[in-house]
Each structure stands twice: as structure tokens, then as C-alpha cells.
Amino acid sequence: MSSTILFTSPPPIPTRKRPSPAPPPSLSPSPAPADKLALLIDKAKSTKQLREIHAIILRLNFQQHPILTFKLQRSYSSHGRLDYSVSLFSQTQNPNVFMWTSIIYTHAFHGLHQEALTFYAEMLNHDVQPNAFTFSSILKSCPLQFGKILHSHAVKYGFDSDSYVRTTLLDVYARGGDLISACLLFDSMPEKNLVSLTAMITCYTKQGKIDDARILFDQMDERDVVCWNVMIDGYTQHGKPNEALVLFRQMLAAKVKPNEVTVLSVLSACGQLGALESGRWLHSYIENNGVPVNLHVGTALIDMYSKCGSLGDAHLVFDKIKDKDIVAWNSMLVGYSVNGFGREAINLFYDMCSLGFRPTDITFIGILSACGYAGLINEGREFFNSMQDRYGIEPKIEHYGCMVNLLGRAGHLKEAYELVKNMQTVKPDSVLWGTLLGACRLHGDNALGEEIAAFIVSQNLENSGTYILLSNIYAAEGNWDGVTKVRTLMKDSGVLKEPGCSSIEINSKVHEFLAGDLKHPKRKEIYMMLSEINGWLKACNYTPQTEIVLHDIGEREKERLLEVHSEKLAIAFGLISTQPKTTIKIVKNLRVCLDCHEVTKVISKVTGRKIVVRDRNRFHHFVNGTCSCGDYW
């Protein structure tokens with residue numbers, strides 16, 4: 001059990017300075033008209049103005065002037081006219097290293113790596129030797145394969161010790177995931193600057209070595225917003241949202257102003273935790289501190305609110321986004337889906353199509369999931385078939401997974417089994433087989449479940465979920481020898497069962513609970529509340545669902561195990577920590593069990609509170625004794 005403080009107040013920022021290509025040195029003083037033209041090029045605000053200046057340059061016969069050509073070439077590129085820049089370069093007689101470097105930098109900056117490499121090769125063919133900035137330019141966003149070749153060139157031409165070249169090489173290895181080469185290069189650097197340290201932290205986070213990244217981060221004397229972003233995003237991407245939010249709070253305390261990249265990572269962390277209060281705080285911060293709510297931020301807000309079970313807020317953001325793209329539509333559609341509003345998701349799908357948007361594979365994952373959560377079998381079949389027939393989209397493993405989930409939940413086990421066996425374009429994976437196995441467990445088809453489990457193990461596709469489902473199938477039929485055999489196999493294979501964990505956010509603190517947890521500072525009050533809840537259940541003649549406790553123990557022991565499930569502890573803590581009628585929001589890392597589902601319905605009716613539970617698969621909105629899932633999950 002843990003508690004995490006998330007936010008305080010915020011503020012300003014030092015900016016990172018990067019080198020920019022320097023113009024070639026002039027061998028002799030430029031005439032006055034050339035100086036004026038160079039100044040006009042620097043001040044030009046549009047392509048039209050640049051073309052007018054270009055015309056004057058041609059009339060004055062300055063088309064081979066090195067500084068003017070260099071500046072004009074670079075300015076065309078910065079105004080998005082790469083074609084003009086290339087045309088100008090092709091007309092330049094005997095371009096020097098600065099001209100070559102500029103055209104290489106231009107293409108690398110726009111992500112055109114292959115074209116940049118082609119110009120680099122042509123430069124060498126013209127017997128023009130690269131300089132340090134040539135290497136730092138071409139290595140920008142360069143793929144690892146070519147980066148290694150360019151590293152050898154840097155050594156050959158004697159620029160491998162240049163600090164900028166070394167830093168860009170380190171960035172290449174970091175982005176390419178070559179941790180060994182990155183470490184060797186980093187360790188050989190006599191001086192580590194902000195950029196090289198950030199590149200090394202990036203490498204660690206990409207490889208999942210978050211602790212190593214944090215050690216390096218904590219050792220830094222100077223940190224800019226880019227460095228903070230890398231570390232925060234590392235936590236977010238590797239399932240440590242609590243740590244991401246704590247670090248974000250430290251960033252604000254250090255008076256480093258967040259930017260768009262920061263808020264995208266932190267919104268993702270809030271969504272993972274279901275931390276609605278923190279998400280709303282960040283939304284307010286975005287609006288009050290000049291962070292533009294563009295498509296990326298707007299879509300991230302929709303995703304965060306949807307994952308926090310606040311569809312009303314998600315739709316408000318969605319409605320405010322101007323010029324929505326397919327990603328924004330998909331985000332809203334998926335929001336309806338995970339919250340169990342299948343019909344609303346379908347209506348949104350048709351609204352989207354009527355406005356001329358063409359569905360993507362992500363759209364169909366959302367709509368098929370929505371049909372699965374709502375039990376819309378026929379609609380799901382129609383959407384699945386329309387993917388290829390109407391939209392020319394080849395179903396991927398995720399779409400087959402949605403269909404197996406849809407059919408399996410509805411009890412169409414044989415149809416789901418046939419769908420998996422007849423997959424041709426993609427090969428079923430362990431997740432797909434596990435979904436089918438879970439459906440067998442849900443509907444008590446133990447014979448088919450055992451057959452599928454045996455196949456999964458024979459194909460080396462098993463994971464912890466496979467063993468647990470098979471163990472549950474044996475336990476449900478009272479085959480305790482089978483249970484013992486599976487658990488022994490798990491132990492011998494080093495497979496561990498993921499413990500159930502529920503979290504709740506109270507006053508911008510996230511509190512986590514495990515089953516039977518006794519570590520919380522308010523454990524005494526929590527268990528007193530649990531005792532009161534048990535009184536409500538007895539008054540309502542509730543019978544504990546002890547059949548779901550798959551252990552060979554007595555009924556009373558089973559009841560005691562059910563009473564201290566993690567979501568019940570989280571709800572009890574929510575009841576003692578919030579005002580009456582306040583909505584309680586819980587996040588569970590596993591599928592909510594039948595007993596907790598039924599108990600939560602009773603609690604919502606007795607207390608008059610809305611209780612929102614997000615489990616591994618979907619949302620459950622409990623109001624006045626009923627659940628939004630309609631007991632279909």
C-alpha cells in the first residue's frame with residue numbers, strides 16, 4: 001500500500017541553446033548591395049518576399065555570391081520550400097563545404113534521412129571534405145545503421161573528438177537502442193554537457209533501465225525542460241505513473257516551465273492512474289499558462305478524461321477542438337467504448353463517417369471493443385466484415401482479439417474457436433488464446449478450456465494468465481489435484497501471479513491497496529468502515545459469492561478472504577475520506593471479481609453515491625444499486 005502526493009503550484013524556464021549552421025566566411029568584404037540583400041533575406045517573412053529578393057540577386061548578377069546563396073538556400077528551407085532550396089543548390093557552381101552542409105542539414109531537419117545521406121555521398125564524390133558541422137547535421141535523427149558508418153567517417157576525418165559530433169553520435173546510439181555503444185561513447189567523453197547527459201538518460205529509458213536513468217538524472221547540476229521531459233516520459237512509458245507525477249511536481253518546484261511534451265506525458269500518467277483530480281488540475285494549468293490546446297493536447301485530454309471515467313469532460317474537450325482529425329475522433333470513440341457506452345460509440349462512428357473521415361484500424365479496435373462491452377453481437381460481426389469488404393482494411397491480431405472477446409463473452413465459444421483456428425493473415429498469439437480460455441472459464445466449458453490450455457502449453461505460448469485460468473478451471477470443478485499440479489508447474493517455471501491492486505485518489509494523493517492490506521496509516525478506520533459495510537450487506541440479505549474463491553478451504557474462510565479484497569479496502573477508504581454524495585473512483589489492475597461487483601452495487605444504493613471502477617478491461621459506473629455494464633462483463 002502506498003500514498004503519493006501529486007501536485008502543488010507551478011512556474012518559468014531556461015531554454016536549451018542549440019548550434020545552428022554558421023554562414024561561410026567571406027574571403028573579401030561584400031559590396032554594400034550584397035550586405036543589404038543579406039539583411040533582407042534574414043528579415044523575409046514569406047516565400048513571396050524571398051522570391052522577390054532572389055529576383056533582385058539575379059538581376060545584380062549575385063547568383064554565385066557564397067553568403068547570399070547560403071542564406072537564400074537556408075531561408076527557402078525554413079519557409080517550407082525545400083524544392084526551391086534544392087533547385088538553388090543545383091545551380092550553384094562548385095559548392096563549398098558550407099553549401100553542402102547546409103543542404104544536408106536541411107534534409108536531415110525535415111526527416112529526409114536518405115536524401116541527406118545521398119547529398120553527403122555526392123559531397124565526398126566531389127572531393128569536398130566534411131567538417132564537424134557536416135557530421136552533427138547528418139547525424140541528426142539518423143538511423144542507427146547509417147550512424148555507425150558515419151561514426152567511422154568521423155574518426156577518419158578527425159572529428160570524433162568534437163563535442164557536438166560526439167553528442168550527436170551518442171544521440172544516434174541512444175535512439176537506436178544500442179546501449180553498449182552509447183555507454184562506451186558516453187564514458188569516453190572527458191566532459192559531459194547537458195545535451196550528452198540527456199541523450200544518455202534517453203538511452204536508459206528506451207531500454208527500460210529507469211533506475212539507471214534516474215541515478216544519472218539526479219547527478220545533474222543543470223536540467224532543462226527537455227531533460228525533465230525525458231525522465232518523466234520514461235516513467236510514464238514503463239508503467240510508473242506515480243513516479244512520473246511526483247517528478248512533475250518536483251519540476252514545478254524547480255521553477256521549470258512545462259511545455260507541450262511535458263503535459264502530454266503527465267496527462268498519460270494521470271490516465272493510467274485514473275487520477276481525475278490531478279488531470280483536472282493539469283487541464284487548468286494548461287489553460288492558464290499559455291500551453292496551446294492543439295490537436296495533440298486536446299486528444300490527450302480526451303484520452304485522460306475517458307480513462308478517468310469522466311466522459312462528460314472528455315466530450316467537452318472534444319467539442320472544443322477545431323479541425324478535428326481522425327485521431328481525435330478515435331480517442332473519443334474509444335472513450336465511449338471503454339466506459340461501456342456501445343450505442344453512443346456506434347453513433348459517433350456514423351457521425352464521423354458522414355463528415356468524410358475514413359475509419360482506420362484504430363477506429364475498428366474501438367468500435368469492436370464497444371460492441372463487445374455492450375454485447376452487440378450482430379453489430380460487431382457487421383463491423384468486422386466491413387473492414388475488408390467496405391474499407392479495405394486487413395484485420396490485425398487486435399481486431400481478431402476484439403471478435404474473440406465479443407463472441408466469447410456472449411457464449412459463442414465454438415464460433416470464437418473456429419475464428420481463431422481459421423485465421424490466415426495473422427498467427428494467433430498467447431493473448432488471443434488467453435482471451436478464448438478466459439471465455440471458457442466464464443461459461444464453464446471446462447472440456448474446451450482444458451483442450452485450449454493444452455494446445456497453448458504445447459506451442460510454448462503460455463504465460464501467467466494461462467496457468468491461472470487453467471488452475472481456476474480445475475478449481476471450479478473441484479479438481480484440487482489439478483490445481484496443485486498447475487501451481488507446482490507455475491513455481492517450477494518461475495511464473496508469478498500478479499497481485500490484485502486497487503487505487504483511489506483523495507486530495508491529489510493516490511492511495512494503493514492490496515488484498516488484506518494493513519499498511520495504510522488509517523487502517524483502523526478503514527476496517528471499521530468495512531465492518532459497517534458488512535452490516536449493510538447483511539441488512540440487505542446479501543449472500544457472499546464464495547464460489548469464486550478457488551481455494552480448498554471452509555465457507556467462513558472464503559467469506560473472510562472476500563471481505564478484504566483490494567477494491568473493497570479502497571472503497572472503504574473513499575467513504576471515510578470524502579463528503580457524502582461524493583463520487584468515488586477506483587482503479588483496479590485486474591478484472592473486478594463477481595463478489596466485489598455485487599457488493600459495490602449494494603454500497604452505491606445504501607450510500608446514494610456513484611462509484612466508478614476501472615478494471616483491467618473496462619469501466620463500471622455504479623448508481624443506486626445498478627451497474628452500467630448491465631452485469632455483462
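The largest nonpolar core, a core being a set of buried Ala, Val, Leu, Ile, Met, Phe, Trp, Tyr and Cys residues joined through side-chain atoms within 4.5 Å, has 137 residues, and those with the most contacts inside it are Met200, Ile201, Ile367 and Ile452. A second, separate core of 30 residues includes Met529, Leu569, Ile584 and Cys627. This is a predicted model, in which local features need pLDDT of at least 70 and side-chain atom pairs count only at pLDDT 80 or more, while totals for chains, interfaces and linings use all residues. Residues are numbered from 1 along each chain as its sequence is written, and side-chain values use heavy atoms, with hydrogens and water left out.

**Strand S2**
- Six of the six residues of strand S2 (residues 501–506) are buried, so the strand is largely enclosed by the rest of the structure; buried means under 20% relative accessible area with a 1.4 Å probe, protein chains only, and strands are DSSP runs of E with at least two residues, numbered from the N terminus.
- Cys501, Ser503 and Glu505 point one way from S2, whereas Ser502, Ile504 and Ile506 point the other way.

**Pairing of S2**
- S2 runs antiparallel to strand S3 (residues 509–514), to which six bridges join it, where pairing requires that DSSP finds at least two bridges between two strands.
- Two residues separate S2 and S3 in a hairpin, and Asn507 in the turn has a positive phi of about 50 degrees.
- S2 also pairs with strand S4 (residues 584–588) in the antiparallel sense over three bridges, and the bridge partner of Ser502 in S4 is Lys588.

Methods: Buried means under 20% relative accessible area, exposed over 50%, partly exposed in between (1.4 Å probe, protein chains only). Helices (H or I, at least four residues) and strands (E, at least two) are DSSP runs, numbered from the N terminus.
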